[in-house]
Amino acid sequence: MGAVVVTVLLIGVGSYAFVRHTRVQQAELKSEDDRRAAEEDRRAAEAEANRKLEEAGKKRQAAEQERQARAAAEAEAKRKNEEVEQQRIAALRAAEEEGKRAEAEARTRYAALVSQGNTDSKAGNYDRAIADYNEAIRLDPKSALAFIGRGDAFTNKGDHDRALADYNEAIRVDPKSALAFSDRGVAYANKGDYDRALGDFNEAIRLGPKSAHAYRNRGVLYVHKGDNDRAIADFNEAIRLDPNNALAFCNRGKLKLNINDASGNADIAKARQLAPSVCQ
């Protein structure tokens, strides 16, 4: 009985040791499994963190590339806009230069036409002069000088209505033109409207106190109104202002002879000396 007990006891101790050893191993295995699981979790976390970092890096790189592309596009758009603006400015400058050139040519052409009109009118080629002034007016519709010249040509042709219309237009574009008022006064006088003629001559003298032309014309009007004293006074002033005014000498000389003043002969001689064809 005793031997049996011992045997049982030995078996029990060994079994306990074995169980204990197995539990230790299991604990160690579990600990290893936990360590491995923790390591795997750590590695997975690191991998996820690296993935996220890499993804964030890619996003930053993509954003930077997009920013650079956008900046490049903006720079290209700005360059194109600047190029277009430069082309626009260059075109405007070219157009401005062309306009200035055309304007200069028109002014030169205008001046030449007015000069030619004056020459033709003095030569008695009134129709040709009118054509010259027509073209000058086309180039410069605000040229009082061209309207006056054309009006003078119509006056010399005896077309006083057209002359009056041109003088009116000259005064409209240049209300301070003493010459326009003086010549319009002649047109009114030629139509027998002496009161309006006198008003224009007075205005011409007010605007141009040194206008020998206006004084001479007013002197002629005073002759037609029978006011010889005022007529001679105006001829005197015209000659004072313009000592080479052949018409003023001629008009004063004729008036003096009409009132039996022999000094009129000297005036007529002076007029013929200045312009042989003026005082016949």
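Helices are DSSP runs of H or I with at least four residues, numbered from the N terminus. The model is predicted: local features need pLDDT of at least 70 and side-chain atom pairs count only at pLDDT 80 or more, whereas totals for chains, interfaces and linings use all residues. Residues are numbered from 1 along each chain as its sequence is written, and side-chain values use heavy atoms, with hydrogens and water left out.

Helix 1 spans residues 2-122, and Arg 67 is placed in it. Arg 67 has a relative accessible area of 40% and is therefore partly exposed; the scale calls a residue buried under 20%, exposed over 50% and partly exposed in between, with a 1.4 Å probe and protein chains only. The side chain of Arg 67 makes a polar contact with the side chain of Glu 64, at 2.5 Å. A polar contact is a pair of N or O atoms within 3.5 Å; within protein, one atom must be able to donate a hydrogen and the other to accept it, and residues adjacent in sequence count only if both atoms are side-chain atoms.

Further along the chain, helix 3 covers residues 144-157 and contains Asp 152. With a relative accessibility of 25%, Asp 152 counts as partly exposed. Neighbours within four places in sequence being set aside, Asp 152 is in contact with Tyr 167 and Asp 183, where contact means heavy atoms within 4.5 Å. Between the C-alpha atoms of Asp 152 and Leu 221 there are 17 Å, and the two residues are 69 residues apart along the chain.

The loop between helix 4 (160-173) and helix 5 holds Ser 177. Ser 177 has a relative accessible area of 9% and so is buried. A polar atom of the Ser 177 side chain lies 3.1 Å from the backbone nitrogen of Ala 180. Apart from neighbours within four places in sequence, Ser 177 contacts Ile 148 and Leu 207.

The next topic is the packing of helices 5, 6 and 7. Helix 5 comprises residues 178-190 and helix 6 residues 194-207; their axes come within 8 Å and cross at roughly 165°. That angle makes helix 5 roughly antiparallel to helix 6. Axes are lines fitted to C-alpha atoms, for helices over the stretch in contact, and angles run from 0 to 180 degrees between N-to-C directions. Angles under 35 degrees count as roughly parallel, over 145 as roughly antiparallel, 65 to 115 as roughly perpendicular and the rest as oblique. The crossing of helix 5 and helix 6 is left-handed, meaning that the near helix is turned anticlockwise from the far one by less than a right angle, while clockwise would be right-handed. On the helix 5 side the contact includes Phe 181, Arg 184 and Tyr 188, and on the helix 6 side it includes Tyr 194, Phe 201 and Leu 207. The residues of this contact between helix 5 and helix 6 comprise ten nonpolar, two polar and four charged. Here Ala, Val, Leu, Ile, Met, Phe, Trp, Tyr, Cys and Pro count as nonpolar, Asp, Glu, Lys and Arg as charged, and the others, Gly among them, as polar.

Helix 6 also packs on helix 7: the axes of these helices come within 9 Å and cross at roughly 155°. That makes helix 6 roughly antiparallel to helix 7. The crossing of helix 6 with helix 7 is left-handed. Among the residues that meet are Ala 197, Phe 201 and Ile 205 in helix 6 and Tyr 215, Leu 221 and Tyr 222 in helix 7. The contact of helix 6 with helix 7 involves ten nonpolar, three polar and one charged residues.

Helix 7 (residues 212-224) packs in addition with helix 9 (residues 246-258), at an angle of about 20° and with the axes 10 Å apart. This makes helix 7 roughly parallel to helix 9. The crossing of helix 7 and helix 9 is left-handed. In helix 7, Arg 216, Val 220 and Val 223 meet Leu 247, Ala 248, Asn 251 and Leu 255 of helix 9. Five of the residues in this contact of helix 7 with helix 9 are nonpolar, one is polar and one is charged.

Within helix 7, Val 220 counts as partly exposed at 28% relative accessibility. Val 220 touches Phe 235 and Asn 251, residues up to four places away in sequence not being counted.

How values were computed: Helices (H or I, at least four residues) and strands (E, at least two) are DSSP runs, numbered from the N terminus.
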